[in-house]
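Here are my notes on the model you sent over. Have the structure open while you read them.

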Amino acid sequence: MSPAVGGRELPSGADVVVVGAGITGAATAAAVAARGASVLLVEKEDGPAHEGSGRAQGSLRVQGRHAAEFPLAVEALRLWREAAEEADFEFVVGGNLYFATRDSDLPVLRGLVDEAHASGLADVALLDPDQTREVLPAATGPFLGAMWSPIDAQCQPEKGTEAFVRRALDRGAGVAYGVKATRVIERAGRVAGLETSAGTVAASAVVVAGGAWTPYLASTVGLAVPIMPVVMSEVETKALPPVFRQTIRAFGFGARQRPGGRVVVSGGLNAVVRHEVSLYDLNGLRFWLSRAADFRSHLRLQLGARRILRQIATMSTLDTRLVPDRSPEPRPDRVAVDRALARLAGVIPAMAAATPARYWGGLVDMTPDGLPVIDGACGPEGLTIITGLSGHGFTLGPALGAIAAGLAVDGVSPLPIEGFRLARFSEPGVRRPEMLI
Ligand SMILES: Cc1cc2nc3c(=O)[nH]c(=O)nc-3n(C[C@H](O)[C@H](O)[C@H](O)COP(=O)(O)OP(=O)(O)OC[C@H]3O[C@@H](n4cnc5c(N)ncnc54)[C@H](O)[C@@H]3O)c2cc1C
């Protein structure tokens, strides 16, 4: 085992073992430790936030979500604010502007405003271009209006995740890096522990927060979790003078400006994403075939020949031996994010001066309906699964931690999670989202 933060050895047992030191697992470990239970956080990489959580744009956006996610996002924002009092992770509450740049965007935004009001978010408003420029004076390019939400925020994602790991450690959690979880141990319908590359840990509760790799570990207790991993890309520019404090979202671009001046830009709504085709896709194929066809102009397919060879050698598509000990760096789509930067400059002309400094890609754990899986009752008693955050889960992390801790320690979620049951994928009428991502 690599040296764990806090210098601990893998213990023989803990009340709760959490798999994955992304924001979900880190926040879970912190919340479990805060309840006074013993907890071990296990991560295959040599530090936290190496996968989705370290690659996110860092927009802590309440807006533009399915209404079922609102209570989680609002609570998550409260917990982000609370955490920012303890640690510096570039947390800024600058609000979110969701731009309409095409006629077809306006009815979508009107619908989202109505949904927000119905959920008690009274401050959300649809602004015309002049009202928008009162919020963001540099938005002098052509657009039709924007949805404004003042409570949304942003932070630097790897620092935000590290802050929750630090919280977990300060409250007595153990953290083991370089340790891969290989099997959830089940005895008589109950979780009995976790088998890892560094030995077995006895536990009556296991939380799997493994991002895109969750289906592999879930399959060790017979669960089928339909996740399609896709690579989403980002570009960060060199520092510019301050132009905007809001997080920005629109069809074709999404952005935020960090406090130091660098601007992080993504493809925004319906971004172009890449998927590596392999035998893994046979899991949940009935969901993915039609979606891939509907969104073919936003999906780049690439043959994963090496992955297929490994699957054949393992004679499995979900064996945990197929989870890489260290995930390879996903190749970013530079063309797509350069295009997004140009679209941003169309609305905010000052962005035309921006020079790209760094590109990266990250794995998104997509579900068939674009909603997460948050379930403490889908497998053996004591197992909680949180995955499928579908490209917008970093925001929710602290609330997911509170939910997972509630389920693992008391068997009760403090927030409504009925809509996120895994079993919905076995029921008729699975919702089809309007966008790919
Ligand atoms: C490019 C990009 C931009 C994004 N932008 C935003 C944004 O602006 N706002 C937003 O809200 N969301 C955003 N997201 C989505 C967000 O990053 C994710 O939803 C969120 O970070 C998922 O967190 P997680 O902790 O559940 O998973 P992850 O961060 O992926 O963490 C899972 C961890 O589990 C570990 N793991 C997996 N299997 C095992 C195993 N068997 N044993 C040990 N460890 C294991 C992995 O190594 C990993 O560290 C973005 C995603 C991408 C890729």
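The points below cover the ligand first and then a pair of helices.

1. First, a reminder: this is a predicted model, so please read the distances and areas below as computed values.

2. Start with the neighbours of the ligand. There are 34 residues around it, and those that come nearest are Thr24, Glu43, Ser53, Ala181 and Thr395. Sorted by character, the shell has 15 polar residues, 12 nonpolar ones and seven charged ones.

3. Where in the fold does that shell come from? Two helices, H1 (23-34) and H2 (52-55), each supply at least two of its residues, and so do the strands E13 (228-237) and E19 (356-366).

4. Now look at the backbone around the ligand. A polar backbone atom of Lys44 sits 3.1 Å from a ligand nitrogen. Another ligand nitrogen contact involves Gly391, with a backbone N or O atom at 3.3 Å. For a ligand oxygen, go to Gly58: one of its polar backbone atoms is 3.2 Å away.

5. How much of the ligand does the protein bury? On its own the ligand exposes 1000 Å², and 96% of that is buried by the protein.

6. Finally, H1 turns up again, this time packed on helix H6 (residues 157-170), with the two axes 8 Å apart and an angle of about 25° between them. Angles under 35 degrees count as roughly parallel, so that is the label for H1 and H6. As for handedness, H1 makes a left-handed crossing as it passes H6.

Terms used: Residues are numbered from 1 along each chain as its sequence is written. This is a predicted model: local features need pLDDT of at least 70, side-chain atom pairs count only at pLDDT 80 or more; totals for chains, interfaces and linings use all residues. Side-chain values use heavy atoms; hydrogens and water are left out. A residue is near a molecule or strand if one of its heavy atoms lies within 4 Å of it. A polar contact is a pair of N or O atoms within 3.5 Å; within protein, one must be able to donate a hydrogen and the other to accept it, and residues adjacent in sequence count only if both atoms are side-chain atoms. Accessible areas come from the Shrake-Rupley method with a 1.4 Å probe; for residues, only the protein chains shown count as cover. Helices (H or I, at least four residues) and strands (E, at least two) are DSSP runs, numbered from the N terminus. Ala, Val, Leu, Ile, Met, Phe, Trp, Tyr, Cys and Pro count as nonpolar, Asp, Glu, Lys and Arg as charged, and the others, Gly among them, as polar. Axes are lines fitted to C-alpha atoms, for helices over the stretch in contact, and angles run from 0 to 180 degrees between N-to-C directions. Angles under 35 degrees count as roughly parallel, over 145 as roughly antiparallel, 65 to 115 as roughly perpendicular and the rest as oblique. A crossing is left-handed if the near helix is turned anticlockwise from the far one by less than a right angle, and right-handed if clockwise.
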